[in-house]
Structure formats: C-alpha cells, structure tokens
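Here are a few exercises to work through with the structure open beside you. Try each task yourself before reading its solution.

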Amino acid sequence: MSELNSFNEALLQFLDSSPTPFHAVETMVTTLISAGFEALDERDEWQLKAGGRYFVVRNGSSLVAFCCGASDLLPRGWRMVGAHTDSPNLKVKPTPELHRHGYFQVGVEVYGGALLNPWFDRDLALAGRVNYENTQGELRSCLLNIARPVGIIPSLAIHLDREANNSHSVNPQKDLPVVLLQSGEKEDFRTLLASELTEHGVSDVAAVLDYELSFYDSQKAAMVGWNGDFIASARLDNLLSCFIGVQALLNSDSDSHTVLVCNDHEEVGSQSAVGAQGPMLESVLRRIAGDEVSLQRAMANSMMISADNAHGIHPNFSDRHDANHGPLLNAGPVIKNNVNQRYATNSDTSSLFRRLCADQSVAVQSFVVRSDMACGSTVGPLTAAALGVKTLDVGVPTFAMHSIRELAGSQDAFNLNKVLSAFYGLAALGVAN
Ligand SMILES: [Zn+2]
C-alpha cells in the first residue's frame with residue numbers, strides 16, 4: 001500500500017473510532033501511549049525530562065500532548081498545533097422521554113451550528129459518556145458507543161408537505177425527536193441505558209444518573225468518487241486536523257519542543273473549563289516553563305498553527321466565494337485570512353507557512369470570505385489572544401461543513417501532515433518578534 005493510502009486508511013479508522021470528543025481523546029491517547037507518551041495528572045507534581053513525551057487530559061474531552069526537546073526551550077520556543085475535538089450533533093436531553101402513538105422517542109438539543117436537513121432518514125447510532133452509581137454506592141463514569149443504528153428521524157412524506165422542496169426549514173424542538181422503538185410500555189431512557197451498559201460489559205451499574213450522549217451517523221467514513229478523489233465522513237471538522245496533529249507530533253524529532261492541543265467546545269464558542277478560551281493550554285505551558293519569565297521568553301520564540309477545515313469552492317455555488325479565493329479540494333492546505341481577526345493569520349506567519357509548503361513540494365491556497373459576507377472563526381484567534389503567541393490559521397478545504405457527512409480531498413490531509421511535521425522540526429522561526 002502506498003504511503004498516501006495507508007495514511008488515509010488510518011484516518012478513516014480514526015474517524016470511525018471517534019464518534020464523540022470523549023472517544024476522539026480516548027483514541028488519541030491510545031495512539032500516544034503506544035508511541036511511548038506518558039500520561040500526566042494535573043493534580044500531581046510533574047518531573048519532566050529532556051526528551052520526555054507526555055500528555056494531559058481534561059474532562060476526557062480535551063487533550064494537550066507535548067514533547068520536551070533536548071535543545072534549550074527559551075531560545076527555541078514551542079512549535080504548537082491546535083485543533084478541536086467536537087463537531088455539531090444532536091445530544092439527548094436530560095429528561096428525553098416522549099411517548100406518542102406507541103412510539104418511544106427521545107428529545108434532542110442541537111449542539112453547535114449543525115446543518116440539520118441531512119440528519120433526516122439516517123441510521124443513527126449513539127455514543128458518549130454515562131455517569132452512574134455502582135453497586136457499592138460509588139459514582140462512576142464510562143464511555144459508551146452503541147454503534148448499531150438505534151434511532152432514526154424519518155422525513156415527512158412529500159405528499160404531506162408539497163412545499164418541501166421549495167422551503168424546508170427545520171424546527172429543532174418539533175421536528176428532531178429521534179424515534180427509538182415501538183412499544184406499549186412507557187419506556188425509560190436511563191433504564192434502557194443501564195441494560196445497554198451491561199451488554200457492553202459494565203456489570204456494576206446500580207442506576208444511571210446522567211449522561212452526555214450524541215447521535216451520530218452509523219455510516220462509516222469512506223473514500224468516494226469515481227477515482228477515489230474524496231473522503232466522505234462525519235466529523236471531518238475537525239477530527240481530520242486532530243488526526244494530522246497526532247501524526248505530525250509522532251514524527252517530531254528529539255530536539256524540538258512540540259505541543260498539540262485538541263480542545264472540546266469549539267463549536268459552541270470555546271468558553272469552558274476545557275475549551276480554547278479556558279486556561280488548560282496556558283497552565284500546561286507554565287508548568288513546562290517553570291516560572292513566569294521563562295514562560296514569556298519561550299512564548300516570544302513560539303508559534304501556533306491552528307488547523308481547522310476551510311470551505312472549498314463548491315462547483316454548484318461558486319458565487320459564495322470571492323473569485324480569487326476559492327480553494328479547491330486536493331490542491332493543498334488553505335491559509336485562512338481575515339483582517340478583522342476572525343482568523344489569527346498575519347503575513348509573518350503565513351509567509352513562513354508558504355515556505356514550509358514549498359520545502360515539502362506541497363501546493364498552498366488562501367481563503368478570505370467575500371467582503372459582503374460574515375466570516376467564521378476558530379480556536380486560532382482565541383489562543384493568540386490568550387497566550388500572545390504568533391499564530392496562523394490553516395485548514396484542509398472541504399464541502400458540506402457541519403453536515404452529518406462532510407467531504408474532503410483524499411490528498412490534502414496527507415499533504416498538510418507533511419507540512420506540519422516540518423513545522424514541528426523548525427529550529428528557528430526566522431521572523432522578527
Ligand atoms: Zn471546525
């Protein structure tokens with residue numbers, strides 16, 4: 001198998017094993033541990049060694065992994081890559097039970113800016129974290145992934161909604177409750193969960209207390225297109241970048257001080273204990289540096305690349321892009337620019353990235369939103385503002401961002417990995433402070 005194909009195989013596997021941020025972090029941790037990374041607990045004192053490779057997890061849904069290089073940290077600084085673990089989805093409400101016409105349904109909340117129409121008529125699986133009291137009366141939590149299609153949101157037939165193709169808006173309260181089963185009984189969701197946990201080998205459940213569970217599309221990630229030009233999957237935004245970040249980190253050499261941060265809660269604004277507006281990354285860096293002045297000196301020599309997918313120009317909707325800034329799939333990573341700081345890119349960081357791409361023989365593209373449209377954002381500006389670190393926003397171009405199934409080019413993740421691996425090995429930034 002070619003290097004490109006085996007990279008993409010591993011990417012598809014990562015996407016399928018990571019239906020929620022909890023599972024994404026668990027999958028990344030497994031990879032890191034098998035590559036010799038050591039788990040750190042924020043409650044402990046840390047004894048970091050030159051050449052050591054470590055990771056920290058918060059809430060099971062955000063991760064900071066780092067390598068302590070053999071070189072001096074202060075003159076060299078950190079090379080950091082940031083991404084996010086969460087994606088828009090439908091989450092089960094706390095008291096979700098709806099019993100109507102003999103159907104048992106569960107009510108859902110919409111997490112993030114989901115494109116809702118594609119959620120209809122999909123075979124939905126369910127995954128996340130379940131908190132329970134065990135048979136000894138202790139609080140416990142575990143991850144659960146019910147990978148079989150346990151639910152569905154059927155569309156209304158066109159005969160009952162003749163305007164469906166002209167104007168179909170979705171009322172999330174009314175239209176999205178998920179059908180789970182047909183029963184004469186008044187089913188209780190927590191009781192169903194408890195028996196599902198037993199099926200999954202969790203044998204000490206006395207009562208399910210609470211949960212954070214998301215529906216997801218049970219269809220697996222796949223290479224698609226006549227010639228396999230594309231990758232179709234749920235959660236490409238932004239598990240694709242998490243996967244690249246881990247692969248690049250594993251490639252980093254023993255001299256470099258490298259950091260990968262994958263935060264939860266980007267899709268809902270990042271303001272949380274584990275989001276990019278929270279203190280997690282900064283507190284880890286402070287502990288690595290040892291004291292405030294060292295932190296500031298190292299930071300001044302550091303750089304962050306925030307990797308999050310970009311919008312490729314869609315052939316059916318090309319007027320939604322500035323004609324000079326319409327990234328193509330399979331034509332290289334996209335530098336994201338916005339003068340109003342919705343992206344943190346500046347000409348120092350983008351020119352450095354262009355040179356890294358040229359060194360790796362990887363084509364590069366740029367994106368700015370049309371001047372008459374509002375611009376999205378990501379973790380880049382938040383990290384830049386919190387740390388005062390030079391930052392660049394880049395991403396792989398995709399279609400259908402925030403749909404239940406998104407589309408990327410089959411070469412772009414592989415190429416961005418080459419460039420980020422080279423970035424991790426960069427001894428000096430070569431730009432003024
Ligand atoms: Zn994103």
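**Exercise 1. A serine in a loop**

In which loop is S256 found? Then work out what surrounds this residue.

*Solution.* Keep in mind throughout that the model is predicted.

Step 1: place the residue. S256 sits in the loop that runs between helix 6 and strand 13 (258-263).

Step 2: check its exposure. S256 has a relative accessible area of 1% and is therefore buried, as the cut-off for buried is under 20%.

Step 3: look for polar partners. The side chains of S256 and D253 are joined by a polar contact of 3.0 Å. A polar atom of the S256 side chain also lies 3.2 Å from the backbone oxygen of Y424.

Step 4: list the neighbours. Leaving out residues up to four places away in sequence, S256 touches C67, C68, G69, R76, Y424 and G425.

**Exercise 2. The zinc site**

Find the atoms that coordinate the zinc ion, and decide what geometry the site has.

*Solution.* Step 1: collect the donors. These are NE2 of H84, an OD atom of D237 and two entries for OD of D308, at 1.9 to 2.6 Å.

Step 2: inspect the angles. Among the four donor atoms they run from 53 to 139°. A tetrahedral site would need all angles between 85 and 135 degrees, and the site of the zinc ion is classed as irregular.

Step 3: trace the donors along the chain. Their spacing is H-x152-D-x70-D. The pair H84 and D237 links distant parts of the chain: H84 belongs to strand 4 (residues 79-84) and D237 to helix 6 (residues 236-250), 153 residues apart.

Step 4: ask about exposure. H84 is buried at a relative accessible area of 0%, and D237 is buried too, at 2%.

Step 5: look at the backbone next to D237. The peptide bond from D237 to N238 is cis, with omega near 10°, and N238 lies in helix 6. For context, most peptide bonds are trans.

**Exercise 3. The two sides of helix 8**

Which residues of helix 8 (residues 292-300) are buried, and what do they pack against?

*Solution.* Step 1: pick out the buried residues, which are S294, L295, A298 and M299.

Step 2: look down the helix axis. The buried residues of helix 8 fall within an arc of 130°, so they line one face of the helix. V293 and R297, on the other side, are exposed.

Step 3: identify the packing partners. The buried residues of helix 8 pack against helix 3 (73-76), strand 4, helix 7 (280-289) and helix 10 (379-387).

Step 4: examine the N-terminal end. Helix 8 is capped there by D291, with a side-chain oxygen 3.1 Å from the backbone nitrogen of V293.

**Exercise 4. Cores and unusual phi angles**

Describe the largest nonpolar core, then find where Q341 and S361 lie.

*Solution.* Step 1: start with the core. The largest one has 53 residues, and among those with the most contacts inside it are L240, I305, F353 and V394. Helix 6 gives the most to this core, with nine residues. A second, separate core of 33 residues includes V92, Y132, L144 and Y211.

Step 2: turn to phi. Most residues other than glycine have a negative phi. Q341 has a positive phi of about 65°, and S361 has one of about 55°.

Step 3: place both residues. Q341 is in the loop between strand 16 (334-336) and helix 9 (347-359), and is partly exposed at 48% relative accessibility. S361 is in the loop between helix 9 and strand 17 (365-367), and is exposed at 70%.

Definitions and conventions:
Residues are numbered from 1 along each chain as its sequence is written. This is a predicted model: local features need pLDDT of at least 70, side-chain atom pairs count only at pLDDT 80 or more; totals for chains, interfaces and linings use all residues. Side-chain values use heavy atoms; hydrogens and water are left out. Donors are N, O and S atoms within 2.8 Å of the metal (3.2 Å for Na, K and Ca); water is not among the atoms, so sites may look incomplete. Four donors count as tetrahedral if all angles lie between 85 and 135 degrees; four count as square planar and six as octahedral if opposite donors are over 155 degrees apart and all others between 65 and 115; anything else is irregular. Helices (H or I, at least four residues) and strands (E, at least two) are DSSP runs, numbered from the N terminus. Buried means under 20% relative accessible area, exposed over 50%, partly exposed in between (1.4 Å probe, protein chains only). The arc is that of the directions from the helix axis to the C-beta atoms. Contact means heavy atoms within 4.5 Å. A polar contact is a pair of N or O atoms within 3.5 Å; within protein, one must be able to donate a hydrogen and the other to accept it, and residues adjacent in sequence count only if both atoms are side-chain atoms. A nonpolar core is a set of buried Ala, Val, Leu, Ile, Met, Phe, Trp, Tyr and Cys residues joined through side-chain atoms within 4.5 Å.
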